Each structure stands twice: as structure tokens, then as C-alpha cells.
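Trainee: Could you take me on a close look at the nonpolar core of this protein? I would like to see which residues build it.

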Amino acid sequence: MEKIGDSKGVAHNTVIDYLKAIAILFVIIMHSLSKQEQDNILFYYILRMAVPLFVLISGFNYSGSVSRMRRLKEWYFPKRIISKFRIYLCPMFCVFALYCLMEALLQYFSIRELVSAFLLQSYGKGAYYFWIIIQLYLIFPVIFYLCRRVRGGICA
């Protein structure tokens, strides 16, 4: 496992990068398969693990970030939250803008439906992932600290 130091003195685990690359490849393959091809056992037991793998990697990375903080409230500093949300929101808005353009070109355009699609993340495969990551970002530090405080807990 090769580790490369970054500017903050924290080692960068390249294995995580390889796992993310594999998960990205699985997502691309998964979205390019027909319904018939998705009935293959390989799809259910290997390719469908891409999104859960991303969530596990995010949890692993978040646990490293949270464990380096002295106090839980550091995670919720407004500057940090704005920075993280910008990282998550920019790609999501780009995808949503493409969706809106597609809907307008196909004349399915309704402001009410677009707002609903945005809030419910119902505008395509994998749209739910955005809200999962937002929830993970907001809730994970609290769970991590509560888990650490439990005597003999799994995070102790």
C-alpha cells in the first residue's frame, strides 16, 4: 500500500484511489448494460456493489477526517460546510441542468415537475446518491463521536 504525503502532512492512501477507479468503472458498465444483460448474476453480485463501495469509501475518508479533529463542532464550521457543499453541488447542478435541457427539448417541461425532480432526485439513475452523501456528511461525525464514547464500542 503506497502512501504519499500531502500538503497537510497526512498520508494519502492510493489504495482508496484504486478502489474508487474500480467503482467508477463498475458504474459505467452498469449504466451501459441492457435490462437483459442486467439479469446476469455478475451484475447483481459484483457490479451493483459500486454505489455501496462509494459510500464505504466516503465513510472511511470521513472517519479519517473526523478523527483528526479536536472537537466535533470543527466539522460544522460554516466555511467548511460551504466548501464541501460547493464540491457536491456543482456537479449535481450540472447534471440537473442537462436533465432540464433534455426535458425542455423533449417538451416535458413543467416547473413544478422539475422542482419535484430536483428535490426528490428522481431525474435519472443514481440521482439518489447526492442526498446519501449529504446525509452522510451531516450525520456521520455525530455517529462517529457517539460510537467512540461508548465504552468498549466498535469505534473505541
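Mentor: Happy to; we begin with the whole protein and then turn to its core. This is a predicted model, in which local features need pLDDT of at least 70, side-chain atom pairs count only at pLDDT 80 or more, and totals for chains, interfaces and linings use all residues. Residues are numbered from 1 along each chain as its sequence is written, and side-chain values use heavy atoms, with hydrogens and water left out.

The protein has 7 helices and 2 strands (DSSP runs, H or I of at least four residues for helices and E of at least two for strands, numbered from the N terminus). From the N terminus on, the order is β-β-α-α-α-α-α-α-α. Of the 156 residues, 27% are buried (under 20% relative accessible area, with exposed over 50% and partly exposed in between, for a 1.4 Å probe and protein chains only).

Now to your core. The largest nonpolar core has 10 residues: Tyr62, Val66, Met69, Trp75, Ile133, Leu136, Tyr137, Phe140, Phe144 and Tyr145. Such a core is a set of buried Ala, Val, Leu, Ile, Met, Phe, Trp, Tyr and Cys residues joined through side-chain atoms within 4.5 Å. Helix H4 (50-67) and helix H7 (129-149) are the elements that give two or more residues to this core, and H7 brings the largest share, 6 residues.

Look at Tyr62 in particular: leaving aside residues up to four places away in sequence, Tyr62 touches Trp75, Tyr88, Ile133, Leu136, Tyr137 and Phe140, where contact means heavy atoms within 4.5 Å. Among contacts in the protein between residues at least 6 apart in sequence, 55% join residues at least 24 apart.
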